[in-house]
Amino acid sequence: MKIKHIHNKIAVIIMGALICSASLSGCKKMLDTAPDNRAELDSPDKVSQLLTAAYPSEDYITFCESMTDNAADRGYKTVYNNALLNDNPYRFKDFSSSDDGAVDTYWGACYSAISAANQALQAINTANNPAAYSAYKGEALIARAYSHFMLVSLFSKSYDPATAATDPGIPYVTEPEKTLYKSYERKTVAYVYEMIEKDLTEGLPLLNDNAYKVPAYRFTKAAAHAFASRVYLFKKQYDKVIEQANLTFPTNIGNYLRPWNSTYLSLTDAGKAAIYTSSAEKSNLLLATTASIWNNGWQLYRYGLNSKLQQQIYTQPNVTGGSWANQAVGYGSSGEMMGINKWRGNFIYTTPLIGNNYIYIPLLSAEEVLFNKAEALVMQGNNAAAITDLNTYLSTRISNYSASANNITEAKVTAFYKTGDVKQALINTILDFKRAEFMQEGLRWFDILRYNLPVVHVDENKDEFSLKPGDLRRVLQIPQTAQTAGGLPANPR
C-alpha cells in the first residue's frame, strides 16, 4: 500500500492526546489502535513520502500574532469563524480548542510531525541498505529538531544559560509510539536544546538537496543552516550563529532578499500574495503547508494591526529617514483592517459543499538569516559588519533607496534612539526592522520572549491586559489532554 501524503496514514499518540489529521483537513479524530507502518516503509521513496508529514501541519501565527504588540483593537466586531482564537490570546488567556490556529492544535501538529520523523528513522535504521536512505535520515533528524524547538520555545521559558538546567522543558520524543498511553517527562530546557543540537549536528552532513522533487518544502542544506542560526541565536552562541548564517549564504545574501522596492512594486495585491509564499521566491528557504484560516483571520479578527500601530511601525519617521516599500495598508470601509497582502488562501473540497482552508507559511527565510547574523555580530561587538548587512537589507526595502541618505551608521542609530549605548541602539534597530518585516507572521512573539519585552493590550471596553517582563503567561500552557492523560505538569500561573 502506498504511503499517502501528510497525515492520513500517520497517527501520533502523545501524552494521551490522540490526534489523527487527514491531509490538510484540520480534522482531529481519536484513535483506538497504535500506529505501526514500519512494514510498509521498505524503500527510500516511501520514506521520502512519509517525511512530508514530518513538518507541523498547523499554523502558529494565529495565536502568536494576537499576543504581540502588533495587535490592538480595530473597533469592529469579529465577523469570522471562532473569534476566541483571536480574543483569548489577545487577553493572554489560556483556553482549550481543537480548531486550526489554536495553541493545543499546534502542540498536536508538532508531535504528529515528530512521530512521522521517528517512524522514518526507525525504518531507515532497520533497512538492509541504510546508506540509500542517508539524505532522508538527515531530513528526519532536522525535522524532528525543528518541531521540538518550536515546542520548547512556546511552552517553556526562553533559553537562559543561568536557569536552563532547571527550567522545565518539553518531552523530547525519539522513538515511534508503540503503546496507546505512554508517560513522558519534561526534563529541562537545557536537555531539550542538547537534543536539538545533537539532531542538527548528526543530520546536517547527511542532507542532499537532490533527493527532493520540490526542495522548498523540505529541509535543504540552506534551510537547515538557517534553522541552526535561529537555534544558536536563541541559545546565545553568537559565533555559531554567524557560522551557520555564512553556511546558508556563502555569497551575497542580498541576491536572496525579497525585492520589495523594485520587482514587488509593480505587483497587485493578488500578485504579492502569490509570490510571497511561492516556492519560486528565493527568499523562502522552507515553506510549510498548514491547515489555517489566517488568510481571512488577519483581515477579519477584531484584534490586529490597526491604523495607530500602522503609523507607529511604518509611517512615522524611522532610523533610515526613508519610507518602507513593504508598508502595511488599510482595507475595508473602516480603514482599520491594516495589513500586508502576504497570504493567498487555498481551499480543498472534501465534499461538493464542504472543504478545508490552508495556507503556505515561510518557516525560514533569507531575511531572518540576515537579522540573526546581524544581531550576533552586534553581540560580539562587530558593529561595522552588522551595519553592512543591515544596509544590504535596506537597499531592498526603502522606497527610492539612496545609500547616502538611507544607510544607517552608529551615529544615526544612537541619535534616533536617543541613547549613547551603540549596542542597544543597534539591537533596537534590528528589532524594529524585524517587526516591520515579519508583520502578521507571528515571529514578533519570539523576539518579545527573548528580550522580555512588555505588551499592553486594550479591548473594546477599555480594559487593559498587560504582559510585563517575567509574567508567567509568557510561557504557553501545556494542553489539558497532555496534563490529564500524559501526566505532564502544568506550567505555573
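Two strands pair if DSSP finds at least two bridges between them. Helices (H or I, at least four residues) and strands (E, at least two) are DSSP runs, numbered from the N terminus.

Before we start, note that this is a predicted model: local features need pLDDT of at least 70, side-chain atom pairs count only at pLDDT 80 or more, and totals for chains, interfaces and linings use all residues. Residues are numbered from 1 along each chain as its sequence is written, and side-chain values use heavy atoms, with hydrogens and water left out.

**Exercise 1. Work out how β8 and β9 go together.**

Step 1: Find the strands. β8 covers residues 346–349 and β9 covers residues 355–365.

Step 2: Check the pairing. The two run antiparallel, with four bridges.

Step 3: Pick out one bridge. Asn-346 has Tyr-358 in β9 as its bridge partner.

Step 4: Name the motif. β8 and β9 make a hairpin, and five residues sit between them.

**Exercise 2. Describe the largest nonpolar core and one of its hubs.**

Step 1: Get the term straight. A nonpolar core is a set of buried Ala, Val, Leu, Ile, Met, Phe, Trp, Tyr and Cys residues joined through side-chain atoms within 4.5 Å. Buried means under 20% relative accessible area, exposed over 50%, partly exposed in between (1.4 Å probe, protein chains only).

Step 2: Look at the members. There are 145 residues in this core, and Tyr-60, Ile-196, Phe-219 and Phe-227 touch the most other members. Helix α5 (residues 134–155) supplies the largest share of the core, 13 residues.

Step 3: Zoom in on Phe-227. Contact means heavy atoms within 4.5 Å. Leaving aside neighbours within four places in sequence, Phe-227 has contacts that include Ile-142, Tyr-146, Phe-219 and Leu-364.

**Exercise 3. Is Leu-51 buried or exposed, and what does Leu-51 touch?**

Step 1: Place the residue. Leu-51 is in the loop between α1 (44–50) and α2.

Step 2: Read the accessibility. Leu-51 counts as buried because its relative accessibility is 0%.

Step 3: List the contacts. Beyond neighbours within four places in sequence, Leu-51 is in contact with Ala-117, Ala-120, Tyr-136, Glu-139, Ala-140 and Arg-218.

**Exercise 4. Do the same for Thr-62.**

Step 1: Thr-62 belongs to helix α2.

Step 2: With a relative accessible area of 0%, Thr-62 is buried.

Step 3: Skipping neighbours within four places in sequence, Thr-62 is in contact with Leu-85, Gly-101, Trp-294 and Tyr-301.

**Exercise 5. How many cavities are there, and what lines the largest?**

Step 1: Set the rule. On a 1 Å grid over the protein atoms alone, a cavity is a set of points where a 1.4 Å probe fits but cannot get out; lining residues have an atom within 4 Å of a point. Grid points are joined across faces, edges and corners, and a volume is the space filled by probe spheres set on the points.

Step 2: Count. This gives seven cavities of 30 Å³ or more, and the largest has a volume of about 90 Å³.

Step 3: Check the lining. Among the residues lining the largest cavity are Arg-230, Glu-368, Lys-434 and Arg-450. The elements that give two or more residues to this lining are α7 (221–234), α12 (366–379) and α17 (444–450).

Step 4: Sort by type. Ala, Val, Leu, Ile, Met, Phe, Trp, Tyr, Cys and Pro count as nonpolar, Asp, Glu, Lys and Arg as charged, and the others, Gly among them, as polar. The lining of the largest cavity splits into five nonpolar, one polar and five charged residues.

How values were computed
On a 1 Å grid over the protein atoms alone, a cavity is a set of points where a 1.4 Å probe fits but cannot get out, and a pocket is an open set with protein on both sides within 12 Å along at least five of seven lines; lining residues have an atom within 4 Å of a point.
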